[in-house]
Amino acid sequence: MIQETNTFVSVSSPTSSSTRNSTEINIHKAISLLSSPDNGIEVTPTKEYGVGIDCHSKFLEINVLVKRGSKYFEYCLEADTTWADIVRAHTWVIHILQEYADPPVHLSEPLHYCIESTSTYHFPVLLAWEGNPCVVNPSIAGATKRKTDKLDARLLAIHDFTGIWRPFFVVSTDIQDLRVLINQRDYYSRAATRIGNRINSTILKFGFTAGRDGSVVKDPQVRAFVENLISDDPKPCSTDIPPDRIPASTRMVIAEEYHQYDEFMLLISEYNKKIHDLAFAMSWPIRDGKSIIGKELIPLLMTAPGIGERTAITWLANIMDPTRFPNAKAIAAYCSLDPSLKISAQHVTSTKKRKGNKQLHTSLCISASVIIGFHNEHFGRWGYRIYQQTGKWKKATNAVARRLSTALYHMHLNAEPFSYEKYQLTKEIPVLNITLDELALINSGFRRYIPLLKSIDIVDTKALVHSFLACELRGCKGLGPKFYTLVKEFTENQSGYRDLYNSFLATKESMKGDISHGTSKKNGC
């Protein structure tokens with residue numbers, strides 16, 4: 001790199017001696033920093049070998065790279081996807097590593113390999129080979145320009161050889177079983193929701209607006225009204241309905257959908273019990289290689305704001321072992337709650353959430369939305385203030401969901417209940433208590449809001465900040481995002497406002513002194 005820089009300077013700026021001298025000085029400074037090889041940064045260690053696997057429904061394309069002296073040799077195999085052939089392919093890879101590498105590879109540690117995540121075709125390989133796999137999405141692995149299965153396998157082998165991907169966490173059979181139950185339960189929940197929407201849509205086509213008063217499947221009174229409409233001998237009801245009855249064939253369809261809805265709800269109840277029993281009986285890893293039974297861990301997770309049993313079990317089924325994540329930021333990224341930043345010239349040009357675990361993202365955002373709506377505790381009030389300042393509900397829910405993910409991570413890792421003790425949200429802010437009129441003299445942005453605030457009995461900054469933090473200003477017309485941003489800035493910059501207020505008082509005293517001095521001189525004359 002330094003040699004390229006020198007060449008570039010001598011060619012591109014032969015006429016500017018000052019530029020050349022300054023560049024040479026910078027180069028010498030850079031060279032002087034390389035006093036020790038320890039100043040370099042290790043990027044990716046090269047491994048002894050590389051194994052890449054390209055998956056398909058009927059065959060596997062396997063590529064093995066081994067060292068032999070100063071050269072690298074490639075060995076390829078196409079294997080069927082029967083269980084016996086997958087096991088034989090594993091034996092073939094071990095044979096290549098031990099017989100054709102120089103020096104021979106001694107597998108004192110489990111076999112590492114890089115495999116493409118094509119649908120679910122890679123799972124049999126993971127179960128048969130075990131070891132330390134890296135499962136790579138084909139869309140991010142970087143396909144070769146000339147697309148063939150052998151080239152894909154070679155690229156994956158190079159990725160394994162250089163170790164650019166993190167090891168894959170192999171899911172146990174119990175976790176897979178729990179996930180299947182959760183997915184089936186969620187499938188029936190979505191199907192039941194679709195049925196309710198279809199019934200409401202159907203009766204609307206004939207002029208009946210019963211759905212406006214509640215769910216046509218969940219609200220008992222609304223459902224009783226609709227079932228009366230579709231019965232063969234309907235009882236007299238309100239006259240505020242269309243005069244024509246729903247046709248007989250359509251009534252039959254609605255009745256059939258109600259029957260399907262009841263069956264789905266029964267299945268959902270059964271699956272909830274199975275999920276509960278399995279999750280509570282399982283042992284879950286925590287810090288320092290220890291584990292705790294779900295019967296004890298799940299109630300601990302449920303102490304977090306807005307977290308119920310369903311969300312807690314969803315968390316465990318997807319996180320499994322919190323120690324596989326280096327920190328809480330990695331958990332947030334896994335839950336799709338960490339925006340990716342595009343930075344150019346040290347400026348953020350765009351933010352966009354990565355595609356993480358959709359199931360966890362949805363569950364945490366629903367919990368966040370609920371506690372923001374009630375805003376009766378610290379996380380909810382904090383999120384509601386974000387909504388007040390920005391006018392964006394989704395931004396507020398994502399922010400609170402991120403805090404929930406961080407809290408659940410530490411609760412799961414340490415097997416401890418939720419507590420607000422370590423959060424700054426609960427600590428009382430020492431507020432500069434002055435009148436609103438004095439505040440307007442320091443910051444003129446507040447002037448337009450003073451009459452409205454006085455009309456609701458807020459006359460000083462202490463009452464203003466208390467109402468802001470407690471979200472008591474909800475629904476006050478005339479108070480928009482600009483006002484809430486002003487109050488937030490005042491709350492977070494107390495030292496600056498104290499300095500401004502002291503300067504204001506000093507100026508006021510100085511003006512009084514000047515006026516009194518002028519009066520005394522006039523009287524003396």
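This report describes helix α9 with its residue Arg251, and then the aromatic pairs, in a predicted model.

Residues are numbered from 1 along each chain as its sequence is written. Local features need pLDDT of at least 70, side-chain atom pairs count only at pLDDT 80 or more, and totals for chains, interfaces and linings use all residues, while side-chain values use heavy atoms, without hydrogens and water.

Helix α9 covers residues 248-281; helices are DSSP runs of H or I with at least four residues, and strands are runs of E with at least two, numbered from the N terminus. Its 34 residues reach 50 Å from the first C-alpha to the last, close to the 50 Å expected at 1.5 Å a residue (1.5 Å times one less than the number of residues). Buried residues (under 20% relative accessible area, 1.4 Å probe, protein chains only) in α9 include Arg251, Tyr258 and Phe264. Arg251 has no salt bridge (a side-chain nitrogen of Lys or Arg within 4 Å of a carboxyl oxygen of Asp or Glu), and the nearest side chain of opposite charge, Asp232, is 4.6 Å away.

The whole structure holds 20 aromatic pairs, with ring centres of Phe, Tyr or Trp (its six-membered ring) within 6.5 Å; planes under 30 degrees apart are stacked, over 60 edge-to-face and the rest tilted. Two of them are tabulated below.

| Pair | Centre distance | Plane angle | Type |
|---|---|---|---|
| Tyr113 and Trp129 | 5.3 Å | 70° | edge-to-face |
| Phe379 and Tyr420 | 5.3 Å | 90° | edge-to-face |

Tyr113 in strand β4 and Trp129 in helix α4 are 16 residues apart, and both are buried. Phe379 is buried at 0% relative accessible area, and Tyr420 counts as buried at 17%.

Definitions and conventions. Buried means under 20% relative accessible area, exposed over 50%, partly exposed in between (1.4 Å probe, protein chains only). Lys and Arg count as positive and Asp and Glu as negative; His and the chain ends are not counted.
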